Amino acid sequence: MSSREQNRVLAGPPIITFFYYVIPSMIGLLSLTTASLVDGIFVGNIVGSDALAAVSLLLPYLTFLIAISLMLAIGGAVTAGKYLGEGNTTAASDIMSKTLITAVLVNLFFALLSLALEPTLYAILNVPAHIQPLVTEYFAIIRWVFILQLSTMVLYYFVRTDGHPVLGTKALVIGALTNVVLDWVFILHLDMGIAGAAYATAIAQLIQCMVLVTYFFSPKRTLRFSFKQQNWRAIVSTAYNGVSEFVNEVSVGALFLLLNWLLIAQLGANGVAAFSVVNYLIFLSVMVSYGVADALHLLVSQNYGAKNTPRVYAFLKISLSSVLLTGLLLAGALIFAQTSLTTLFLNERDSEVTELVGDVIGLMWPVFIVNGINILLGCYLTAIHKPAPSALIALCRSILFPATMLVFLYLVFYHTTLLSLSPSPLLFLIALPIAEWLTFVFALIYSYRFRPSTLLE
């Protein structure tokens with residue numbers, strides 16, 4: 001039996017193969033989501049809504065770091081997947097080595113830069129004076145944690161690409177469970193406040209990394225790490241293939257920055273705290289979609305390299321059906337259980353913020369229906385090495401449409417006399433679901449243009 005016939009990705013039954021990779025990815029990413037949600041629950045209930053706002057105010061910068069690392073991770077993993085599909089394991093190993101080394105150095109550079117320019121960074125992020133002590137307490141720890149966390153994320157993508165999804169999932173689950181337990185210990189029992197959340201994340205990421213590193217001792221691995229590398233220019237083309245993910249994430253960071261400025265102008269720190277609660281739920285939706293998208297990257301990139309377009313089509317169809325069903329379920333849960341969801345994050349003393357959260361949910365629920373489809377179609381285009389249209393979809397979804405609509409509606413609602421009635425201070429947030437649905441139209445157009453049946457042309 002040839003190596004191609006032994007490769008489940010290239011020869012296994014599509015539905016069984018799809019769920020073989022999706023279920024571990026989903027479990028792993030949902031574990032990450034659970035850890036993040038528990039962070040929010042402990043911080044919001046024990047430390048207070050100002051602490052939720054403090055974490056949210058750092059999101060634009062942290063998202064920028066995630067954007068760079070995700071570009072390296074997905075660009076490298078897709079490129080390595082193509083080489084593995086062609087049977088070129090040496091080239092795939094070189095890509096992994098270069099990508100991991102680059103990820104560590106880049107994140108170390110930005111940690112040092114953020115330390116040197118912290119006051120400037122706070123000014124750009126528009127951190128209110130009374131929130132700055134909380135932000136500093138959290139950031140003093142988390143800036144160093146991100147070097148390990150994001151480098152581990154890059155390794156996770158290569159471990160999955162080399163056919164070890166169970167190990168990747170095991171690492172994520174163990175890390176997430178550790179984070180949850182340590183949140184309970186540090187925040188609730190030791191009363192360490194927002195710093196406790198940062199220390200919990202640090203220890204959890206260290207343990208997660210230690211689990212993933214066992215991959216290098218597996219006799220079944222194909223990829224081999226080496227510090228001795230040549231042709232470092234290859235990292236540029238590799239990163240370019242992940243440019244849509246970079247555009248998507250860095251644009252999300254810019255959007256968070258714009259949102260924070262507008263929310264502070266309208267409602268102060270309470271507005272940021274209210275949106276941060278809803279953002280945890282959006283994060284849950286996005287991570288479910290990325291659980292499917294991670295599998296799609298692997299399945300499509302290798303079958304694209306093997307020129308097996310019927311399997312590319314089969315995996316795309318199964319993936320789209322999965323995220324559509326998930327989006328409908330999440331939108332329904334948000335509409336009918338919003339009170340229960342809100343009280344998870346806030347206690348009774350934050351009643352004003354709780355009321356604002358309900359208003360935000362009432363405006364934002366249509367986002368959940370199509371955001372997963374948009375993510376998936378962008379990932380499909382990346383996997384078939386169409387970075388330009390994938391980047392355009394990511395740009396439209398994450399910054400171009402939402403930022404334009406936010407500014408336009410903010411000016412119309414609050415700085416013109418076009419409306420005879422005084423609108424709600426949060427009504428401008430309706431720009432976000434409008435932008436998501438506009439992106440959906442563009443994603444459908446490009447995905448049809450580069451549909452699987454055209455890939456060999």
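1. A good place to start is Gln 205, which is buried, with a relative accessible area of 7%. Please keep in mind that this is a predicted model. Gln 205 belongs to helix α9. Apart from neighbours within four places in sequence, Gln 205 is in contact with Val 145, Leu 148 and Gln 149. Thr 152 is worth a look as well: Gln 205 and Thr 152 are 53 residues apart in sequence, yet their C-alpha atoms are 7.9 Å apart in space.

2. Now for the helices around that spot. Helix α7 (residues 132–161) and helix α9 (residues 193–213) have axes that come within 9 Å and cross at roughly 20°. Angles under 35 degrees count as roughly parallel, and α7 and α9 are therefore roughly parallel to each other. Their crossing is left-handed. From α7, the residues making the contact include Val 145, Leu 148, Gln 149 and Thr 152; from α9, they include Ala 198, Ala 202, Gln 205 and Leu 206. By residue type, the contact of α7 with α9 divides into 18 nonpolar, five polar and one charged.

3. Helix α9 has another partner to consider. Helix α8 (residues 165–189) packs with α9 at an angle of about 155°, and their axes are 8 Å apart. That makes α8 roughly antiparallel to α9. Here the crossing is right-handed. The residues of this contact of α8 with α9 divide into 15 nonpolar, eight polar and two charged.

4. On to the nonpolar interior. In soluble globular proteins, nonpolar side chains tend to be buried together. In this model, the largest nonpolar core has 140 residues. Which residues have the most contacts inside it? They are Phe 275, Leu 406, Phe 428 and Leu 429. If you would like one residue to centre your view on, try Leu 429: not counting residues up to four places away in sequence, Leu 429 touches Leu 259, Phe 275, Val 360, Leu 363, Met 364 and Leu 406. Two of these names, Phe 275 and Leu 406, also appear among the residues with the most contacts in the core.

5. One last residue deserves a visit. Is Asn 371 buried or exposed? Asn 371 is buried, with a relative accessible area of 1%. It lies in helix α16 (residues 367–383). Setting aside neighbours within four places in sequence, Asn 371 is in contact with Ser 285, Val 286, Arg 397 and Glu 436.

Conventions. Residues numbered from 1 in each chain as written. Predicted model: local features only at pLDDT ≥ 70, side-chain atom pairs only at ≥ 80, totals over all residues. Heavy atoms only, no water. Axes fitted to C-alpha atoms, helices over the stretch in contact; angles between N-to-C directions. Helix = DSSP H or I, 4+ residues; strand = E, 2+ residues; numbered from the N terminus. Parallel < 35°, antiparallel > 145°, perpendicular 65-115°, else oblique. Left-handed = near helix turned anticlockwise from the far one by under 90°. Contact = heavy atoms within 4.5 Å. Nonpolar A, V, L, I, M, F, W, Y, C, P; charged D, E, K, R; others polar. Core = buried A, V, L, I, M, F, W, Y, C linked by side-chain atoms within 4.5 Å. Buried < 20%, exposed > 50% of the residue type's maximum accessible area, 1.4 Å probe, protein only.
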